[in-house]
Amino acid sequence: MNLLPQEKFETLGLSLPPAPQPLGIYRPYLIDGKYLYLSGHGPVRDDKSLIIGRIGDDMDMEEGKLAARQVGLTMLSTIVTNIGSLNAVKRVVKVLGMVNCTPDFLRHPYVINGCSELFADVWGQENGIGVRSAVGMGSLPDNIPVEVEAIFELY
């Protein structure tokens, strides 16, 4: 059975947190032609609070991977809130994942897999996996463990 992305998401039994509002001078999303650009998103919980912590200090890489999945859910919320449906997205083009971690932490790609695996679950292996970078950072805003930005192709 070929489910549409919105239907696939609903079968996962996950909830979307509220779409975050800008806390600075930027747009959370921008459409240019057939491309949707999402600004960097953090891990917003359903109660609007942020997951906080630095990987290697306050949390381990499994907790970081869960935080990255929560970032993915936050991004999906921005899409649904502003575009109307996950079905409007044809495919994931590019993901940039930033990990707030100690200098000795080396498993950045593993952490960002939390977001990438979610996108693959929603849009499938062919359209849900794009090109990607996963990098470590000395800090991130408000001490969030993960920030992700992405580019999607629209129908």
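Biologist: How many disulfides does the structure hold?
Modeller: The structure, which is a predicted model, holds 0 disulfides. C101 takes part in none, and the nearest cysteine sulfur, that of C115, is 17 Å away.

Biologist: Why is there no bond from the sulfur of C115 to C101?
Modeller: The closest cysteine sulfur to that of C115 is the one in C101, and at 17 Å it is too far for a bond, because a disulfide needs the two sulfur atoms within 2.5 Å.

Biologist: And is C115 buried or exposed?
Modeller: C115 is buried, with 0% relative accessibility, and C101 is buried as well, with a relative accessible area of 4%.

Biologist: Switching to the sheet, what is the strand order?
Modeller: The order is β1-β2-β5-β3-β4, in an open sheet of 5 strands with mixed pairing. β1 (29-32) and β4 (131-137) each have a single partner strand, so each of these edge strands has one side without a neighbour in the sheet. From one strand to the next, the twist averages 15 degrees.

Biologist: How many bridges join β3 to β4?
Modeller: There are 7 bridges between β3, residues 89-100, and β4, and the two strands run parallel; M98, for instance, has V135 in β4 as its bridge partner.

Biologist: Which strands does helix α3 lie across?
Modeller: Helix α3, residues 108-128, lies across β3, β4 and β5 (146-154), and it runs at about 175 degrees to β3.

Biologist: What about Q70, buried or exposed?
Modeller: Q70, which is found in helix α2 (residues 61-83), is buried, with a relative accessible area of 16%. Leaving aside neighbours within four places in sequence, Q70 is in contact with P17, P43, V44, R45, D46 and I51.

Notes:
Residues are numbered from 1 along each chain as its sequence is written. This is a predicted model: local features need pLDDT of at least 70, side-chain atom pairs count only at pLDDT 80 or more; totals for chains, interfaces and linings use all residues. Side-chain values use heavy atoms; hydrogens and water are left out. Two strands pair if DSSP finds at least two bridges between them. Helices (H or I, at least four residues) and strands (E, at least two) are DSSP runs, numbered from the N terminus. Axes are lines fitted to C-alpha atoms, for helices over the stretch in contact, and angles run from 0 to 180 degrees between N-to-C directions. Contact means heavy atoms within 4.5 Å. Buried means under 20% relative accessible area, exposed over 50%, partly exposed in between (1.4 Å probe, protein chains only).
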